[in-house]
Amino acid sequence: MANRNKDVEEEIYDKVVDLTEYAKRQRWWNRLFGKHSGPVAEKYSVATQIAIGGVSGWCAGYLFQKVGKVAATAVGGGLLLLQIANNSGYIQVDWKRVEKDVNKAKKQLKKGTNQAAPELNTLFEKSTEFVKKNIVVTSGFVGGFLLGLAS
């Protein structure tokens, strides 16, 4: 009986050791997101992936910040000019026509909501799959993007 217990213990110990060796050989993103973690994850080191993602994210964030400021200024200035023109009498708004067009747009949106859902679901699934396959680059990109927005 004692020999049998020792054999079972040794067999369990061997399996645990094999499992720990297997886990040591796996990269951390493979353990977290599965063994199919993407082609980019296999080509470059983690530091290189984070650097590439961070630099491209910073550039995108910086450009987004600058373009966003220009766009906000243009939209705000345009609304201000329209309001001044309306108060000065240069522009007259036909509110009945605006209401009619808004109601027409609402009807079209209600008809189109059922058709757009599958396309959005596939886009979401593809995006999720891309993020899982390239988690290191994506995390670097997000960090760089936030830094770009802040600078």
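**Aromatic rings and a nonpolar patch**

W58 and Y62 sit 4 residues apart in helix α4 (residues 46–88), so about one helical turn separates them. That is a good place to start our walk through this structure, which is a predicted model.

Let us look at the rings of these two residues. A pair of aromatic rings is described by how far apart the centres are and by the angle of the planes. The whole structure holds 3 aromatic pairs. W58 and Y62 form a stacked one, with 5.2 Å from centre to centre and 15° between the planes. The label "stacked" applies because planes under 30 degrees apart count as stacked. Are these two residues hidden away or open to the surroundings? W58 is partly exposed, with a relative accessible area of 36%, and Y62 is partly exposed too, at 31%.

Now follow another pair, F64 and F145. Their ring centres are 5.7 Å apart and the planes meet at 50°, so this pair is tilted. F64 belongs to helix α4, while F145 belongs to helix α6 (residues 135–150), so the pair ties together parts that lie 81 residues apart in sequence. F64 has a relative accessible area of 54% and is exposed, whereas F145, at 22%, is partly exposed. Because the boundary for buried is under 20%, F145 does not count as buried. There is also a third member to find here: F141 joins F64 and F145 in one aromatic cluster.

Next, turn to the surface. Which residues make the nonpolar surface patch? They are V75, L79, L82, Y90, I91, V93, W95, V98 and V102, and the patch covers about 920 Å². Helices α4 and α5 (95–133) are the elements that each give two or more residues to this patch. So helix α4, where we met W58 and Y62, appears again here. Take V102 as an example from the patch. This residue lies in helix α5 and is partly exposed, with a relative accessible area of 41%.

Finally, how much confidence does the predictor place in this chain? The mean pLDDT is 78, and 66% of the residues reach 70 or more. Where is confidence lowest, and where is it highest? The lowest mean, 57, belongs to helix α3 (residues 40–43), and the highest, 89, belongs to α4. That is the helix in which W58 and Y62 lie about one turn apart, and it also holds F64 of the tilted pair.

Key: Residues are numbered from 1 along each chain as its sequence is written. This is a predicted model: local features need pLDDT of at least 70, side-chain atom pairs count only at pLDDT 80 or more; totals for chains, interfaces and linings use all residues. Side-chain values use heavy atoms; hydrogens and water are left out. Rings of Phe, Tyr and Trp (its six-membered ring) pair if their centres lie within 6.5 Å; planes under 30 degrees apart count as stacked, over 60 as edge-to-face and the rest as tilted. Buried means under 20% relative accessible area, exposed over 50%, partly exposed in between (1.4 Å probe, protein chains only). pLDDT is the predictor's confidence in each residue, from 0 to 100. Patches are made of residues with over 30% relative accessible area and no salt bridge: like charges are joined within 9 Å, nonpolar side chains (Val, Leu, Ile, Met, Phe, Trp, Tyr) within 5 Å. Accessible areas come from the Shrake-Rupley method with a 1.4 Å probe; for residues, only the protein chains shown count as cover. A salt bridge is a side-chain nitrogen of Lys or Arg within 4 Å of a carboxyl oxygen of Asp or Glu.
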